[in-house]
Amino acid sequence: MKLLCKGKILRRFSALALGFTMGMAATPAFAVHDDIFELEGNAVQDAVAPPYDWATLYNNGSNNGGDPLRFTGIVDDTPDASGIDSSIFTGGRKDIQDVSDWAHKMGSSPDKDEITHAYAAAYNINDDLVVYFGADRISNKGDAFLGFWFFKQHVAALPNGSFEGMHTNGDVLVLANFPQSVNASPEIRVDVWDSSCTKAANNNPAAGECDAANLRLLYKGAAICGSGLGNDLVCAITNDENGSYDPTPSPWPYQSKNSNNANEFPYETFFEGGINLTQLVGGDSCFSSFMAETRSSSEFTATLKDFVIHDFELCSVDITKTCSQARVNATETGYEYDFTYKVINDGAGTLYNIVVTDNVANQTFNVGTLAKGAMAEGGGTFESNLNGLQNTVTVTAAGTPSGDSTISDTGGADCQSLSISPMINVTKDCNSNFVETENGVIAKVSFSGQVCNTTANNLTLINVTVTDDSGTPSDPSDDVDVLSGVTLGGGVCMPYSGDYVPKAFTSAVDKTFSDTVFAVGQLKIDGSSAFSENSATCPICPSSD
């Protein structure tokens with residue numbers, strides 16, 4: 001078999017540290033292998049973490065995986081029972097083309113190019129953005145030419161066979177080539193998308209030169225992780241490093257076409273790698289999508305075969321909000337609220353064009369630019385006719401100074417209601433005597449008192465009315481409004497008075513008259529009603545000592 005003819009001795013090359021970076025200051029390089037993540041050619045946790053491995057992330061997620069900034073999960077792309085993949089590249093698609101020129105369909109790729117799973121995890125290590133990536137394929141019968149894209153824009157495969165998104169200068173392509181011929185050495189190559197490159201600078205470009213149309217070379221070298229200086233900024237490895245051709249366990253469900261044993265990777269079906277994007281690429285670290293791909297050869301004009309794409313939002317923004325309890329506004333026509341917001345750049349790169357929008361207040365705040373880890377605060381006041389509400393605030397940001405604002409977050413806060421209760425109080429005094437009229441001497445009752453707005457918080461009562469029942473509580477036809485439609489400010493009182501001719505003694509024994517006065521009013525702010533009543537009894541004849 002061709003696979004048995006591989007020159008294993010050629011797997012002992014190291015990916016050397018790159019001297020070319022895009023404007024990065026000279027800082028101590030962080031090696032991508034073994035310090036935080038195992039890159040040893042298998043997916044299992046070999047020892048007590050850290051370093052971590054894919055099995056730990058798969059089984060426990062971020063909680064026990066070294067707290068990655070992002071983890072795609074183990075993205076399944078296994079073909080169905082008939083060998084059909086849900087999405088592969090249509091023929092003739094290449095890495096040098098823009099995303100808008102790509103297309104995909106259902107179908108099948110050659111077994112050696114059929115990806116079954118892909119995965120990526122990003123870590124902040126000593127302020128370096130380090131990304132680990134990997135994929136497994138269904139068969140090892142043939143060369144492995146894999147690519148791993150990190151896109152600035154959100155890129156996704158659409159149901160109509162096209163792709164959403166476009167390439168942005170600074171998109172990163174890591175090419176891991178594992179040919180199986182005797183004299184071939186595994187190679188790793190890192191390019192960035194650069195639309196100023198129209199073709200390769202020469203047949204053997206140096207770091208910094210155009211590698212192909214739209215691609216500028218950052219690094220090329222031997223692939224295998226940790227086999228040399230130990231300070232590699234990018235490397236890759238497959239599961240045959242020990243030269244034994246033994247299978248390695250798969251922590252997730254997997255079935256190779258080269259083995260009847262489930263959940264084990266035959267040699268050279270599992271691939272993983274890592275890249276220190278801060279040290280090697282530099283610049284902005286806001287990546288939005290991750291894609292693993294297979295290619296027909298190592299050439300840049302090679303036809304793309306299978307792919308797995310997933311969100312990988314490395315830039316992130318977080319917003320939180322507080323909101324005060326409601327208070328009645330000055331005109332008592334609505335409620336006022338104070339709010340504050342706090343924006344934190346909790347991602348891996350600088351954020352630009354940050355805008356905060358309060359969705360209830362309909363107010364916007366231009367925050368501007370925030371470096372990673374930086375925070376901005378602000379706030380304002382708004383009015384509403386609601387007493388208590390749920391208020392939300394949204395923040396949007398861009399990963400580049402002139403990029404689209406695709407990074408966002410929403411926060412909310414309960415604006416507590418103000419407990420208000422309308423209160424009114426009425427007092428009453430009365431006296432009675434006989435008066436002479438044209439029709440003779442009759443009894444007459446005179447009454448007086450005051451009505452007071454006793455509502456808390458100095459809130460206004462409107463439509464205040466005081467009504468006397470003229471001593472006949474069962475007969476409303478003779479009720480008299482002694483005050484009507486009055487407005488009373490908070491704590492304000494108003495006197496009232498009136499009289500009536502009683503129809504009969506309330507108590508014939510005591511020769512007394514009694515009547516009741518009622519006071520009602522409504523809060524200006526919400527129309528809720530207040531009620532009070534008071535009664536007074538007065539004799540027709542003064543008492544004698």
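This is a walk through the structure, from its overall form to single residues and back to the strands that hold them.

The model is predicted. Strands make up most of the list of elements: the protein has 35 strands and two helices. Its C-alpha trace spans about 135 × 50 × 45 Å along the principal axes. The radius of gyration tells the story in another way. A compact globule of 545 residues would come near 24 Å, but this protein has 40 Å.

Burial comes next. Of the 545 residues, 51% count as buried. The accessible surface comes to about 23,400 Å². Carbon and sulfur atoms own 49% of that surface. Contacts reach far along the chain. Take those with a separation of 6 or more: 66% of them join residues 24 or more positions apart.

Charge is a further global feature. The protein has 29 positive and 67 negative charges. Their mean positions lie 12 Å apart.

Now go to strand β20, residues 317–323. Its side chains alternate. V317, I319, K321 and C323 point to one face, and these are buried. D318, T320 and T322 point to the other face and are not buried. Note that K321, a lysine, belongs to the buried set. β20 pairs with strand β22, residues 335–345. The two run in the antiparallel sense and share seven bridges. At the end of β20, C323 stands opposite F339 in β22.

C323 leads on to another cysteine, C415, which touches it. C415 sits in strand β27, residues 407–415. Is C415 buried or exposed? Its relative accessibility is 3%, so it counts as buried. The cut-off for buried is under 20%. What surrounds C415, leaving aside residues up to four places away in sequence? It touches C323, S324, Y337, F382, G388, L389 and N391. Two of these names link back to strands in this account. C323 is on the buried face of β20. L389 falls within β26, residues 389–398.

Sequence distance and spatial distance can be set side by side in two pairs. C415 and S477 are 62 residues apart in sequence, and their C-alpha atoms are 48 Å apart in space. A222 and C235 are 13 residues apart in sequence, with 7.9 Å between their C-alpha atoms. A222 is in strand β13, residues 215–222. Its relative accessible area is 15%, so A222 is buried.

Next, the backbone. Where are the cis peptide bonds described here? One runs from A49 to P50, with omega near -5°. Another runs from P50 to P51, with omega near 0°. P50 therefore takes part in both bonds. P50 is found in the segment before α1 (54–60). P51 has its place in that segment before α1 too.

Positive phi values come next. N353 has a positive phi of about 50° although it is not a glycine. N353 lies in strand β23, residues 351–358. Is N353 buried or partly exposed? At 37% relative accessibility, it counts as partly exposed. N463 is another such residue, with a positive phi of about 55°, and is not a glycine either. Its place is in strand β31, residues 461–468. With a relative accessibility of 41%, N463 counts as partly exposed.

Stay with β23, the strand of N353. Which strands pair with β23? One is β24, residues 363–370, joined to β23 by six bridges. These two run antiparallel. In this pairing, T357 has T364 of β24 as its bridge partner. β23 and β24 form a hairpin with four residues between the strands. In that hairpin, N362 takes a positive phi near 55°.

The other partner is β26, residues 389–398. Five bridges join β26 to β23, and this pair runs antiparallel as well. Here V356 has V395 of β26 as its bridge partner. β23 thus has β24 and β26 as partners. The path also returns to C415, which touches L389, a residue in the range of β26.

Notes: Residues are numbered from 1 along each chain as its sequence is written. This is a predicted model: local features need pLDDT of at least 70, side-chain atom pairs count only at pLDDT 80 or more; totals for chains, interfaces and linings use all residues. Side-chain values use heavy atoms; hydrogens and water are left out. The radius of gyration is taken over C-alpha atoms; the globule rule is 2.2 Å times the number of residues to the power 0.38. Buried means under 20% relative accessible area, exposed over 50%, partly exposed in between (1.4 Å probe, protein chains only). Contact means heavy atoms within 4.5 Å. Accessible areas come from the Shrake-Rupley method with a 1.4 Å probe; for residues, only the protein chains shown count as cover. Lys and Arg count as positive and Asp and Glu as negative; His and the chain ends are not counted. The place of a charge is taken as NZ of Lys, CZ of Arg, CG of Asp or CD of Glu. Two strands pair if DSSP finds at least two bridges between them.
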